[in-house]
Amino acid sequence: MRWEIPVLALRSYVYMPGNANTVAVGRAKSRRSVEEAQASDRRVILLTQRDQNTDDPSGEELYDIGTLAAIKQVVRMPDQTLEVLVEPIERVKITGYLPLPYLRAVAETIYPNVDADANTLRVLIDEAKSSFDKYVGQNKNMRLDNIHLEHLRQLTDPGVIADTITHHATWEVLDKQTILETLSIRERLEKVIGYLNRDLERFEMDKKIAARVKEQMDQNQREYYLREQMKAIGKELGGGEEAVAEVDDVRQKIENAGMPEKVKEKALKELARLERTPGGSPESSVVRNYLDWLLDVPWVKRDEEILDIKRTREILDSDHHGLDEVKERILEFLAVRQLTQGMREELDAKAAKDRDDKDKEDMALRAPILCLSGPPGVGKTSLGKSIARALNRQFVRMSLGGVRDEAEIRGHRRTYIGSLPGRIIQSMKQAGVVNPIILLDEIDKMSSDWRGDPSSAMLEVLDPEQNHTFQDHYLEVQYDLSQVMFITTANNLGNIPRPLLDRMEVIEIPGYTLQEKIEIAKGFRLPRQIKSHGLENKLQVTDHALERIAQEYTKEAGVRNLDRMIQKLARKVAREALEKPWEGLKNVDGKDVEDYLGVPMFEIESKEKKSQIGVATGLYFSSVGGGILLIETLATPGTGKVSFTGSLGDVMKESVQAAIAYLRAHATEYGADPDFHKNLDIHVHFPSGGMPKDGPSAGIAIATSVISAITKRPARADIAMTGEISLRGKVLIIGGVKEKLLGAYQAGIRKVLLPKGDAPYLKDVPETIRKELEITLVEDVQEVLDTMLEPLHLVQDVVPPTPEAQFASEEAPIIVPTATIVPQPGA
């Protein structure tokens, strides 16, 4: 049947056919619908809103299926709202709405579908009635009198039974609307039974939870009663009230600390011990100190990281000049954390439930363990502070120099008097958060003795697979270090045990070049010293002066001594400013440096002025930079004895032997006596004999010096060279290309021979230096000697010099080489 009648919109209720009820009508459109219905056949359609918060719903915002109802009574209330008693009759479906100021729709009756046999329906009816009886008995929010319950039991129509149960049940609107829209009688009963069983399971769970809560409350009441008794007893004995108050305060702190469950159990157990222990006993003091440590270390508090690559780059660049490799690694780590932020938050939330799964998934997201390796004074420690500032994390520095006791790392057991946690836990207490940056300074300076090996204890600390369960001997509970970013520093990687070194990502920080030192002095050290000495707008130091200070007054890889010299200069100028004041800026140039710093401590390296017999110019690099290395060879009549002096290491001695062996095999090619190894004694010397030297990179320079001395052909003084030599005459790859070329440039060399295999490393050399240098890449010793030795026809008429004349004065064609700064291991 089709209907064209007013619609009454309902906020949060669904009316089922056959179940009379009242409706509170307050909205203007709803009152108009009621009035229109009263003026006609007193019939109205009841439709539920899809969103109960909508105040003026349109037809699209109402469900399409509702109930046709007859208005039995209307009562106007004092506040002008209407109390309308309605009797729902049947289900209807809306087919359209009329364009009127109130809701009026066209609807048609929809009839139920009986799609099951009588036996099936009987079983479903019995199940629905039985479940509803249980539901009424367990639902605390439902009040159904016996009359209504008995009426339901007498019903036999399956559709009416389903609608009546739905009418009385305290279900959500969506559940009731689903039942209203279900036309199949069998499906309607099945859904009603499903909803009832769902609620019955929830009621059972609520009962269990309530029982547990009651049991806990009983236990808390018992504990409260006993504690009150202890307070009373303590008060009678005198002095006990404060102790009990202290225990209560500690208990509250334990509850609020966010400890893992096992740690919390341990803390409460120790607190119970403290309650039973007399206040003046030594054991009481031990337990109290232990609880203080458990409460002082952070368990959940963390710093919120600032994941901003641009900001981090600006901070790192403002604090440190150069160090590009370290900065790039930090930015890479930051980029990964920024891209995986959502994933990490999900894993952190999951960690409390399943730590093992988090371990498997979170490995790639953990902070790297960086080892900054380099000579002293290059900024390793200060770089750690900059990283912490860039990431907005707490920074703690822990010096490991001289640590030789394993208990320094893991702590002492509480059985010892005066025992404390190890340095790791102490650092966490100092940081106050679970994700600080901890700098393990001078990790290569640890040693071991009969008290244990601290480096073995560090294995667990620096292993991402183990440090989430780090156990300090004093705390005796597991502590999670997985959120800590560890940065270690070292001067010599050879002193670090291999298993420990394997856990770290090593980043080499080489010594600064001269130009880098000048830039650091201009941008960082000099402004700081000028400000700290009160010389702002009074002192100006030129680049030439800084260059002289760096070259002639310091010889180091870093800038510590350079800073001391600038500080000394500032002190001198500050005193002068008081004794002999001046107006404006005082300009300190290169020529003024000696007036303030005294006689230079070091000589600037420079190339030889003339080509000489037996003298070749090599290149070296060490922790303090690169430079030129003169190699002198003297060939005298003798029995073939070979000697070498100059504090040489084994590798450099082998380079001399390899060079001589190659020359013996190719003597005739260079006009040398094939039996020179029998008739000549050869002495190879490296000046500055007090400085140790080692490394294979002087091979081709040694070969040039020896063949020059044997053939009496001068070696060119304007060319420097570096490269390892093999017995086949191959020039092999070496290290320190950047430092060696910069050292050559500073010494006045403009032509360099370099192994061809080192060509890729030329990109590390500043472009301005590369343009000034003429670099020849060589693969064979033959190419080196053809370039370095003067042609035979230029020296055929020269009278061979005597040994005494081979190294003559500077005025003679052959000159004595100047002393040089010699290389450290690794040249």
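Q: How do helix 19 and helix 20 cross?
A: In this predicted model, the axes of helix 19 (residues 514-532) and helix 20 (residues 543-552) come within 10 Å and cross at roughly 120°.

Q: Okay, and what does that make helix 19 and helix 20 to each other?
A: Oblique, since angles of 65 to 115 degrees count as roughly perpendicular and only those over 145 as roughly antiparallel. Helix 19 and helix 20 therefore come out as oblique to each other.

Q: Is that crossing left-handed or right-handed?
A: The crossing of helix 19 and helix 20 is right-handed.

Q: Which residues meet there?
A: From helix 19 you have L514, I518, A521 and K522, and they meet D543, L546, E547, A550 and Q551 of helix 20. Sorted by class, this contact has 5 nonpolar, 1 polar and 3 charged residues.

Q: Let's try another helix pair. At what angle do helix 10 and helix 14 pack?
A: Helix 10 (residues 309-319) and helix 14 (residues 380-391) pack at about 155°, and their axes are 9 Å apart. Angles over 145 degrees count as roughly antiparallel, and helix 10 and helix 14 are therefore roughly antiparallel to each other. The crossing of these two helices is right-handed.

Q: Who makes the contact between helix 10 and helix 14?
A: On the helix 10 side, R311, T312, I315, L316, S318 and D319; on the helix 14 side, L383, S386, I387, R389 and A390. By class, the contact of helix 10 with helix 14 has 5 nonpolar, 3 polar and 3 charged residues.

Q: And helix 2 with helix 4: what's the angle there?
A: Their axes cross at roughly 20° and come within 10 Å, with helix 4 covering residues 158-168. That makes helix 2 roughly parallel to helix 4. The crossing of helix 2 and helix 4 is left-handed.

Q: Which side chains are we looking at in helix 2 and helix 4?
A: L121, I125, A128, K129 and F132 are the helix 2 residues, and they meet P158, I161, I165 and H168 in helix 4. The class count for this contact is 7 nonpolar, 1 polar and 1 charged residues.

Q: Switching to aromatics, how many pairs are there?
A: The count comes to 6 aromatic pairs. In one of them, the rings of Y135 and F203 have centres 5.7 Å apart and planes at 45°, so the pair is tilted.

Q: Where do Y135 and F203 lie?
A: Y135 lies in helix 2 (residues 118-138) and F203 in helix 6 (residues 185-237), so the pair ties together parts that are 68 residues apart in sequence.

Q: Now the sheets. What's the strand order in the open sheet of 5 strands?
A: The order is 8-9-12-7-13, with parallel pairing. Strand 8 (395-399) and strand 13 (505-508) stand at the edges with a single partner strand each, so one side of each has no neighbour in the sheet. On average, neighbouring strands are turned by 20° against each other, direction ignored.

Q: How many bridges link strand 7 and strand 12?
A: Strand 7 (residues 370-373) and strand 12 (residues 485-490) pair in the parallel sense over 4 bridges. L372 stands opposite T489 in strand 12.

Q: Which helix lies across strand 7, strand 12 and strand 13?
A: That's helix 11 (residues 324-339), and it runs at about 145° to strand 13.

Q: What about strand 5, in which sense does it pair with strand 4?
A: Strand 4 (residues 65-76) and strand 5 pair in the antiparallel sense over 11 bridges, with Q73 opposite L85 in strand 5. The hairpin of strand 4 and strand 5 has 5 residues between the strands, and there Q80 takes a positive phi near 75°.

Q: How does strand 2 pair with strand 5?
A: Strand 2 (residues 21-25) pairs with strand 5 (residues 82-97) in the antiparallel sense over 5 bridges. N21 stands opposite V86 in strand 5.

Q: One more: what joins strand 5 to strand 6?
A: A hairpin does, through 6 residues. Strand 5 and strand 6 (residues 104-109) pair in the antiparallel sense over 5 bridges, and the bridge partner of K93 in strand 6 is E108.

How values were computed:
Residues are numbered from 1 along each chain as its sequence is written. This is a predicted model: local features need pLDDT of at least 70, side-chain atom pairs count only at pLDDT 80 or more; totals for chains, interfaces and linings use all residues. Side-chain values use heavy atoms; hydrogens and water are left out. Axes are lines fitted to C-alpha atoms, for helices over the stretch in contact, and angles run from 0 to 180 degrees between N-to-C directions. Angles under 35 degrees count as roughly parallel, over 145 as roughly antiparallel, 65 to 115 as roughly perpendicular and the rest as oblique. A crossing is left-handed if the near helix is turned anticlockwise from the far one by less than a right angle, and right-handed if clockwise. Contact means heavy atoms within 4.5 Å. Ala, Val, Leu, Ile, Met, Phe, Trp, Tyr, Cys and Pro count as nonpolar, Asp, Glu, Lys and Arg as charged, and the others, Gly among them, as polar. Two strands pair if DSSP finds at least two bridges between them. Rings of Phe, Tyr and Trp (its six-membered ring) pair if their centres lie within 6.5 Å; planes under 30 degrees apart count as stacked, over 60 as edge-to-face and the rest as tilted.
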